[in-house]
Amino acid sequence: MAARLLWAVRRRMQPLAAHAASEGRGWLHPFSTATQRTAGEDCNSEDPPDELGPSLAERALKLKAVKLEKEVQDLTVRYQRAVADSENIRRRTQRCVEDAKIFGIQSFCKDLVEVADILEKTTECISEETEPADQKLTLEKIFRGLSLLEAKLKSVFAKHGLEKMTPIGDKYDPHEHELICHVPAGVGVQPGTVAFVRQDGYKLHGRTIRLAQVEVAVESQRRL
């Protein structure tokens with residue numbers, strides 16, 4: 001009797017166990033090994049999130065912008081200094097040029113002062129109180145003073161490169177001579193040459209600074 005009862009209970013329990021096993025397999029299906037492996041691979045992926053890429057790029061651009069801004073400021077400062085230095089050099093150069101214009105003839109003027117001293121001493125020889133008997137002595141002093149003055153002037157001119165032109169007998173040159181008139185060519189005078197100098201011309205270091213006023217000889221007997 002007990003054996004029959006146990007057999008009946010087992011027979012009734014078999015469908016329930018089969019149903020329970022079927023239900024259990026249905027619930028466990030979503031959590032299969034393949035599904036777990038896929039989920040694990042997704043979670044363990046080394047690719048960074050999409051939001052991380054733009055953040056690094058933006059940070060790099062900001063650093064580059066800061067660096068470029070610093071370089072621009074440095075170049076701006078250097079440019080301003082270069083402009084200031086250039087302006088200072090320009091001012092110093094202009095001042096040197098102006099000083100050269102003003103004091104360039106300082107040495108020449110210093111020599112002319114000596115000439116002025118000689119001229120002043122010569123004029124002191126002439127006075128209203130000079131007696132008639134002393135006129136000859138006075139004239140001799142004046143002559144000596146003028147001779148000394150002329151020699152001193154020639155020395156000063158030679159020292160500073162100032163040369164008086166002596167064009168008599170030279171061929172007429174419009175770059176050195178100013179034609180005043182024509183004169184008949186005399187004996188030994190070639191036509192087209194300078195026959196007479198009315199006013200001396202001068203050269204400074206080989207450059208003509210004043211034309212000589214001359215009369216030029218021509219073959220015609222008629223004075224032009």
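These are my notebook entries on a sheet, an annotated lysine and a buried aspartate in a predicted model.

**Entry 1, the sheet.** I began with the strands and asked in which order they sit in the sheet. I found three strands in an open sheet, ordered β2-β6-β3, with mixed pairing. Next I looked at the edges: β2 (177-184) and β3 (194-199) each have a single partner strand, so each leaves one side without a neighbour in the sheet. I also noted the twist, which averages 30° from one strand to the next.

**Entry 2, β3 against β6.** I then followed one pairing in detail. β3 and β6 (residues 212-218) run antiparallel and are joined by four bridges. Looking up F196, I found its bridge partner in β6 to be E215.

**Entry 3, K141.** I turned to the annotation next. UniProt lists K141 under "modified residue: N6-acetyllysine". In the model I located K141 in helix α5, which spans residues 135-159. Is K141 buried or exposed? Neither label fits: its relative accessible area is 36%, and partly exposed covers the range between 20% and 50%, so K141 is partly exposed.

**Entry 4, D111.** My last stop was D111, in helix α4 (residues 106-123). The relative accessibility of D111 is 8%, and the cut-off for buried is under 20%, so D111 counts as buried. Which residues does D111 touch, leaving aside those up to four places away in sequence? I listed V156, K159 and H160. With H160 there is also a polar contact, 2.6 Å between the two side chains. V156 and K159 fall within the α5 range of 135-159.

Conventions
Residues are numbered from 1 along each chain as its sequence is written. This is a predicted model: local features need pLDDT of at least 70, side-chain atom pairs count only at pLDDT 80 or more; totals for chains, interfaces and linings use all residues. Side-chain values use heavy atoms; hydrogens and water are left out. Two strands pair if DSSP finds at least two bridges between them. Axes are lines fitted to C-alpha atoms, for helices over the stretch in contact, and angles run from 0 to 180 degrees between N-to-C directions. UniProt positions are given in the numbering used here, feature names are shortened, and annotations may be inferred rather than shown by experiment. Buried means under 20% relative accessible area, exposed over 50%, partly exposed in between (1.4 Å probe, protein chains only). A polar contact is a pair of N or O atoms within 3.5 Å; within protein, one must be able to donate a hydrogen and the other to accept it, and residues adjacent in sequence count only if both atoms are side-chain atoms. Contact means heavy atoms within 4.5 Å.
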